[in-house]
Amino acid sequence: MADTRVSSHRSVDVRASTLVGVLIGIAIMAAVDEIVFHQLLAWHHFYDRSTPSVALLSDGLLHAAEVIALVGGFFWFADLRRRGALWNRLAWGGFLLGAGGFQLFDGIVDHKVLRLHQIRYGVHLLPYDVVWNVAGAVLLLTGVAVLWWARSRRPGGDPR
């Protein structure tokens, strides 16, 4: 079993610091998608392959899941911070990783594989798909870079 703690002046939980960021990143990106694209722009619903009532219900369920993940994530974050076990750099890297992972999953799996919905209807989709997936990939790769950079340094900022 791998050691998930980094020795320093405090006991930092590497795994939990990363995972709490991932959870909050997924929840925030789901909220942005649901609020901006589902509600404000009304481009699509989470599930568009049925009646408008089912589409609205699917948005409500997505919204409930994102709120539960966000509240749970922030309670976990607060607990790690209270115990001095939070490593902010890893949490930020995890946040970007979770946000980008959600965006790519939505763009590839939900939009193309399962065809639950498209980004927008009545337009040529290629530019929308490219921007959506490239933005997700940029977030994901930035998260990987931040995690790599943070793990190469001690929590206090000193190189290993």
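I'll start with helix 2, where Ala55, Ser58, Asp59, Leu62, Glu66, Ala69, Gly73 and Leu80 are buried. Keep in mind that this is a predicted model.

What covers those residues? Helix 1 is part of the cover over the buried residues of helix 2. On spacing along a helix, the general point is that an α-helix has 3.6 residues a turn, so residues three or four places apart point the same way.

Now the geometry of helix 2 itself. Helix 2 has 32 residues, and from first C-alpha to last it reaches 47 Å. The span expected at 1.5 Å a residue is 46 Å, so the value in the model is close to that. After helix 2 comes Gly84, with a positive phi near 75 degrees.

Next, the pairing. Two packed helices are described by the angle between their axes and the distance between the axes. Here helix 1 covers residues 14-40 and helix 2 covers residues 52-83; their axes come within 8 Å and cross at roughly 150 degrees. Over 145 degrees counts as roughly antiparallel, and helix 1 and helix 2 are therefore roughly antiparallel to each other. The crossing of the two is left-handed.

Which residues make the contact? On the helix 1 side they include Leu19, Val20, Leu23, Ile24, Ala27 and Ile28, along with Glu34 and His38. On the helix 2 side, among them are Asp59, Leu62, His63, Glu66, Ala69, Gly73, Phe74, Trp76, Phe77 and Leu80. By type, the residues of this contact divide into 16 nonpolar, five polar and three charged. Going back to the buried set, Asp59 and Glu66 are both buried in helix 2, and both meet helix 1.

One more residue, from another part of the chain. Leu139 lies in helix 4, residues 126-151. Is Leu139 buried or exposed? Neither: Leu139 is partly exposed, because its relative accessible area is 23% and buried would need under 20%. Leaving aside residues up to four places away in sequence, Leu139 touches Met29, Leu96, Leu97, Ala99 and Gly100. The C-alpha atoms of Leu139 and Phe95 are separated by 9.2 Å, with their positions 44 residues apart along the chain.

Finally, the whole chain. There are four helices and two strands, and from the N terminus the order is β-β-α-α-α-α. Of the 160 residues, 38% are buried. Taking contacts between residues at least 6 apart in sequence, 72% join residues at least 24 apart.

Terms used. Residues are numbered from 1 along each chain as its sequence is written. This is a predicted model: local features need pLDDT of at least 70, side-chain atom pairs count only at pLDDT 80 or more; totals for chains, interfaces and linings use all residues. Side-chain values use heavy atoms; hydrogens and water are left out. Axes are lines fitted to C-alpha atoms, for helices over the stretch in contact, and angles run from 0 to 180 degrees between N-to-C directions. Angles under 35 degrees count as roughly parallel, over 145 as roughly antiparallel, 65 to 115 as roughly perpendicular and the rest as oblique. A crossing is left-handed if the near helix is turned anticlockwise from the far one by less than a right angle, and right-handed if clockwise. Contact means heavy atoms within 4.5 Å. Ala, Val, Leu, Ile, Met, Phe, Trp, Tyr, Cys and Pro count as nonpolar, Asp, Glu, Lys and Arg as charged, and the others, Gly among them, as polar. Buried means under 20% relative accessible area, exposed over 50%, partly exposed in between (1.4 Å probe, protein chains only).
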